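Reader: Hi! I'm new to this one, could you walk me through it?
Author: Happy to, let's bring it up.

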Amino acid sequence: MEPRKRRRDPVAHRAAILAAARAAFAERGYAKATIREIAQRAGVTHGLVMRHFTSKEELFIAAVPGSRDLGDVLSGPPETLADRIAEAFVQRMEQPESDDPFLAVIRSAAAGEPAATRLYDAMRSRSLEAYRSVLSGPDLEERVDLLGAHLIGVTFSRYVIKSGRLAEMSPERLIRHLTRTLRGILQE
């Protein structure tokens, strides 16, 4: 029997690890998902996961779509920024079989898991950095925090507890409401 040859493809391995991490974090939450489980799902070794991402927290942050994809949403005319944020957020969250790790952070926070604060702080820091490229003003951090709090509240109501009028409205209607409220938050 010939020894099994290992395929060296760092880009494919990284993509497989991120996909496995998104699924594991969404299904089991941050605290219960393990690096070994993620490695097994990705078809790689535990060591390879740690080579690409030095900690579980770093892996989680890399797997969260929101802060990672924010640059794409932010590019464009300032007057349509609220529209782009609302549409991207709702489209991301409405994906069938959503394995969005953002949900895992919210569930972790709701369960009182200590890691949730560290994860939130890391996501907030990445978001602030990205928003600084398109927003200005002395209250920039306050507005970005309000934006985050607003989206977290919508996520909790609509996608975690799935109750009330917010959970029942169509994605299109939600985008319209979010766009209007986000405009108010983003104004300098």
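Author: A term to begin with: accessible areas come from the Shrake-Rupley method with a 1.4 Å probe, and for residues only the protein chains shown count as cover.
Reader: Okay, so how much area does the protein chain expose, and what do carbon and sulfur atoms supply?
Author: The protein chain exposes about 10900 Å², and carbon and sulfur atoms supply 52% of that. This is a predicted model, where local features need pLDDT of at least 70, side-chain atom pairs count only at pLDDT 80 or more, and totals for chains, interfaces and linings use all residues. Residues are numbered from 1 along each chain as its sequence is written, and side-chain values use heavy atoms, with hydrogens and water left out.
Reader: Got it. How many helices and strands are there?
Author: Twelve helices and zero strands, counting DSSP runs numbered from the N terminus (helices are H or I, at least four residues; strands are E, at least two).
Reader: And what does the C-alpha trace span?
Author: About 65 × 35 × 30 Å along its principal axes.
Reader: What share of the residues is buried?
Author: Of the 188 residues in the protein chain, 40% are buried. Buried means under 20% relative accessible area, exposed over 50%, and partly exposed in between (1.4 Å probe, protein chains only).
Reader: Switching topic: where does Lys162 lie?
Author: Lys162 sits in the loop between α10 (140-160) and α11 (165-168). Lys162 has a positive phi of about 50 degrees, although it is not a glycine.
Reader: Why does Lys162 count as exposed?
Author: Because its relative accessibility is 59%.
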